[in-house]
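Let's take a walk through a protein chain together, from the overall picture down to single residues. Have a look at the sequence and the model first.

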Amino acid sequence: MAHIDFESTYSDVFPFWNEISEREKDFICNHSTDIVYKKGTTIHDSTECSGVIFVQSGCLRVYMMSDEGKDITLYRLYKGDMCMLSASCVLSSITFDVLIDAEEDSECYVINGPAFMKISNDNPKVKIFSLETAVSRFSDVMWVMQQILFMSMDKRLAIFLLDESSRIGSDFIALTHEQIAKYIGSAREVVSRMLKYFVNEGIVKSSRKGITIIDKQRLRALTL
């Protein structure tokens, strides 16, 4: 991967890029790697500083795992998204263990954690960017926690289906009950029962291939 490819991308995504020296730009680019993660690969397991991850294509899932093996999806990362929580050495004051898997074959630019930490320690604007990026993701995490703690299952499921439909631009959502359960932090059996209720009410259709929304108005009404 040529240096210019990293620099052209970073100049667009890093607001501090034009305020650091050429030497520091070279340092970041020289410590960047273009990696393709195959679907199902665990990218980060919270045991080390994996680095700053910038998604070029594909989809990554960021989640927490309980001691009993139950996981909760915190958010997903798509093209153009960045993950700072995988760079624990950069954000040493934040003890927040997450795991990251590739949900699809995904190409990512990964900046070496200690290298980014060095630039961050030398430049307050880089440090502020790192913290602001992490804080924005904590907002996503708090939204997930709010749903799990305070929202009924029908509302959580309705919100997820509508959000997913909007994201992909289709009323057909090609996800299994098990996948949906992981995304909303529930059990597959609970999701299956709720989807069966939605089917009986004429709100969605369910098949082996996925879920089709057939009455968005009623589905939206469940989110209110």
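## A word before we start

A residue counts as exposed when its relative accessible area is over 50%, as buried when that area is under 20%, and as partly exposed in between. Lys-39 has a relative accessibility of 62%, so this residue counts as exposed. Keep in mind that what you're looking at is a predicted model.

## The whole chain

Let's zoom out. The chain has 224 residues, and 43% of them count as buried. Its secondary structure adds up to 8 helices and 11 strands. If you draw a box around the C-alpha atoms along the principal axes, you get roughly 65 × 35 × 30 Å.

What about the surface? About 11600 Å² of the chain is exposed, and 50% of that comes from carbon and sulfur atoms. On the charge side, there are 25 positive and 31 negative charges, and the mean positions of the two groups are 9 Å apart. Now for the contacts: among those with a separation of 6 or more, 69% are between residues 24 or more positions apart.

## Rings that meet

How many aromatic pairs does the structure hold? The count is 12. A pair of aromatic rings is described by the distance of the centres and the angle of the planes. Take Phe-6 and Tyr-109: their ring centres are 4.8 Å apart and their planes sit at 70°, so this pair is edge-to-face. The cut-off behind that label is an angle over 60 degrees.

Where do these two rings come from? Phe-6 belongs to helix α1 (residues 3–13) and Tyr-109 to strand β8 (residues 106–111), so the pair ties together parts that are 103 residues apart in sequence. Phe-6 has a relative accessible area of 4%, which makes it buried. Tyr-109 counts as buried too, at 5% relative accessibility. Both also belong to a cluster linked by ring pairs, together with Tyr-10, Phe-14, Phe-16, Trp-17, Phe-116 and Phe-129.

## Arginines over rings

Some rings have a charged partner over the face. Arg-76 lies over the face of Tyr-183, 3.9 Å from the ring centre. Arg-137 does the same kind of thing with Tyr-75, over whose face it lies at 4.7 Å from the ring centre.

Tyr-75 turns up again when we look at Asp-140, a residue in helix α4. Apart from residues up to four places away in sequence, Asp-140 touches Leu-74 and Tyr-75. And Arg-76? Its C-alpha is 9.9 Å from that of Asp-140, although the two residues are 64 residues apart in sequence. Asp-140 itself counts as partly exposed, at 30% relative accessibility.

## Three loop residues

Let's go back to Lys-39, which sits in the loop between β1 (32–37) and β2 (42–44). Which residues does Lys-39 touch, not counting those up to four places away in sequence? They are Ala-102, Glu-103, Glu-104 and Asp-105. Gly-58 is 19 residues from Lys-39 in sequence, and the C-alpha atoms of the two are 9.1 Å apart.

Asn-112 is in the loop between β8 and α3. At 34% relative accessibility, it counts as partly exposed. Leaving aside neighbours within four places in sequence, Asn-112 is in contact with His-31 and Gly-51. Lys-209 is 97 residues away along the chain, and its C-alpha is separated from that of Asn-112 by 39 Å. Then there's Asn-123, in the loop between α3 (113–122) and α4 (124–150). Is Asn-123 buried or exposed? Its relative accessibility is 13%, so Asn-123 counts as buried. Beyond its neighbours within four places in sequence, Asn-123 is in contact with Ile-20 and Glu-24.

## A buried isoleucine

Our last stop is Ile-184, in helix α6 (residues 177–184). Ile-184 has a relative accessibility of 8%, so it counts as buried. Not counting residues up to four places away in sequence, Ile-184 touches Ile-148, Met-153, Arg-156, Leu-157, Phe-160 and Val-191. For one of these, Leu-157, we also have a spacing: the C-alpha atoms of Ile-184 and Leu-157 are separated by 7.4 Å, with the residues 27 apart along the chain.

How values were computed: Residues are numbered from 1 along each chain as its sequence is written. This is a predicted model: local features need pLDDT of at least 70, side-chain atom pairs count only at pLDDT 80 or more; totals for chains, interfaces and linings use all residues. Side-chain values use heavy atoms; hydrogens and water are left out. Rings of Phe, Tyr and Trp (its six-membered ring) pair if their centres lie within 6.5 Å; planes under 30 degrees apart count as stacked, over 60 as edge-to-face and the rest as tilted. Helices (H or I, at least four residues) and strands (E, at least two) are DSSP runs, numbered from the N terminus. Buried means under 20% relative accessible area, exposed over 50%, partly exposed in between (1.4 Å probe, protein chains only). A charge sits over a ring if NZ of Lys or CZ of Arg is within 6 Å of the ring centre and within 35 degrees of the ring normal. Contact means heavy atoms within 4.5 Å. Accessible areas come from the Shrake-Rupley method with a 1.4 Å probe; for residues, only the protein chains shown count as cover. Lys and Arg count as positive and Asp and Glu as negative; His and the chain ends are not counted. The place of a charge is taken as NZ of Lys, CZ of Arg, CG of Asp or CD of Glu.
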